[in-house]
Amino acid sequence: MNELDELYKQVILDHNKSPRNFGILNVYTHHAEGHNPLCGDEIDLTVQVENNVIKEVKFEGAGCAISKASASIMTTLIKGKTIEEAKILVDEFREIVTRDPDDEIDTLNLGKLAVFCGVREFPARVKCASLAWHTLNNALDSAENKVKIEKK
Ligand code: ZN
């Protein structure tokens, strides 16, 4: 394992241990739930969009380290982005994890998405890592466009 792989592994472990943006938003405009039956990962994603910009995003769920870390990293990447920018990130993410593991990827151009390059080497884990991103895509497409208030 090279130094870069080791660094990415640390990032995944860190996000798994202390997930960012964990929970459910009280007020949100977009929502989706995702389930990965292969591993048992589950995610509940709430997004608050204002003027086409993702103002707030939170996720809740249970699953393996990769699925949780991927959701956590995703929330940090999409906050403050427009819906279009977030969808581009979803496409870039898919492109990375479905690429042949033997393909050299220029990680410098990927920024924070580079952390997911290592996932390609574990095909069984691709669905775990993808769950949050698929769910985000569904949530953004759901366009409920009305503010929901849930009190728990
Ligand atoms: Zn999993």
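Biologist: Hi! What spacing do the donors of the zinc ion follow along the chain?

Modeller: Hello! This is a predicted model, and in it the zinc donors follow the pattern C-x1-D-x22-C-x63-C.

Biologist: Nice. Which residues are those, and how far from the zinc ion do they lie?

Modeller: The protein donors are Cys39, Cys64 and Cys128, each through SG, together with Asp41, which is listed twice through OD. They lie 2.2 to 2.6 Å from the zinc ion.

Biologist: Where do Cys64 and Cys128 lie?

Modeller: Cys64 is in the loop between β4 (53-62) and α2 (65-78), while Cys128 belongs to helix α4 (residues 123-142), so the two of them tie together parts that are 64 residues apart in sequence.

Biologist: Cool! Are Cys64 and Cys128 buried or exposed?

Modeller: Both Cys64 and Cys128 are buried. For Cys64, the relative accessibility is 15%, and buried means under 20%, so Cys64 counts as buried.

Biologist: And what about Cys39, buried or exposed?

Modeller: Cys39 is partly exposed, because its relative accessible area of 34% falls in between the 20% and 50% cut-offs.

Biologist: With those cysteines around, how many disulfides does the structure hold?

Modeller: The structure holds zero disulfides. As a reminder, a disulfide is a covalent bond between the sulfur atoms of two cysteines.

Biologist: Okay, new topic: strands. In which sense do β3 and β4 pair, parallel or antiparallel?

Modeller: They pair in the antiparallel sense, over nine bridges. β3 and β4 form a hairpin with two residues between them. In the turn, Asn51 has a positive phi of about 50 degrees.

Biologist: Which residue in β4 does Ile43 stand opposite?

Modeller: Ile43 stands opposite Gly61. You will meet Ile43 again if we talk about cavities, since Ile43 is one of the residues lining the largest cavity.

Biologist: Go on then! How many cavities of 30 Å³ or more are there?

Modeller: A search of the whole structure finds one. The largest cavity has a volume of about 70 Å³.

Biologist: What lines the largest cavity?

Modeller: There are 13 lining residues, and Glu42, Ile43, Ala62, Ser67 and Lys68 lie nearest the centre. The elements giving two or more residues to this lining are β3 (41-50), β4, α2 and α4. By class, the lining has seven nonpolar, three polar and three charged residues.

Biologist: Last one: where is Met74, and is Met74 buried or exposed?

Modeller: Met74 sits in helix α2. Its relative accessibility is 0%, so Met74 counts as buried. Met74 and Thr29 are 18 Å apart in space, C-alpha to C-alpha, and 45 residues apart in sequence.

Terms used:
Residues numbered from 1 in each chain as written. Predicted model: local features only at pLDDT ≥ 70, side-chain atom pairs only at ≥ 80, totals over all residues. Heavy atoms only, no water. Donors = N, O, S within 2.8 Å, 3.2 Å for Na, K, Ca; no water. Helix = DSSP H or I, 4+ residues; strand = E, 2+ residues; numbered from the N terminus. Buried < 20%, exposed > 50% of the residue type's maximum accessible area, 1.4 Å probe, protein only. 1 Å grid on protein atoms, 1.4 Å probe; cavity = no way out; pocket = protein on both sides within 12 Å on 5 of 7 lines; lining within 4 Å. Points joined across faces, edges and corners; volume = space filled by probe spheres on them. Nonpolar A, V, L, I, M, F, W, Y, C, P; charged D, E, K, R; others polar. Disulfide = S-S within 2.5 Å. Pairing = 2+ DSSP bridges.
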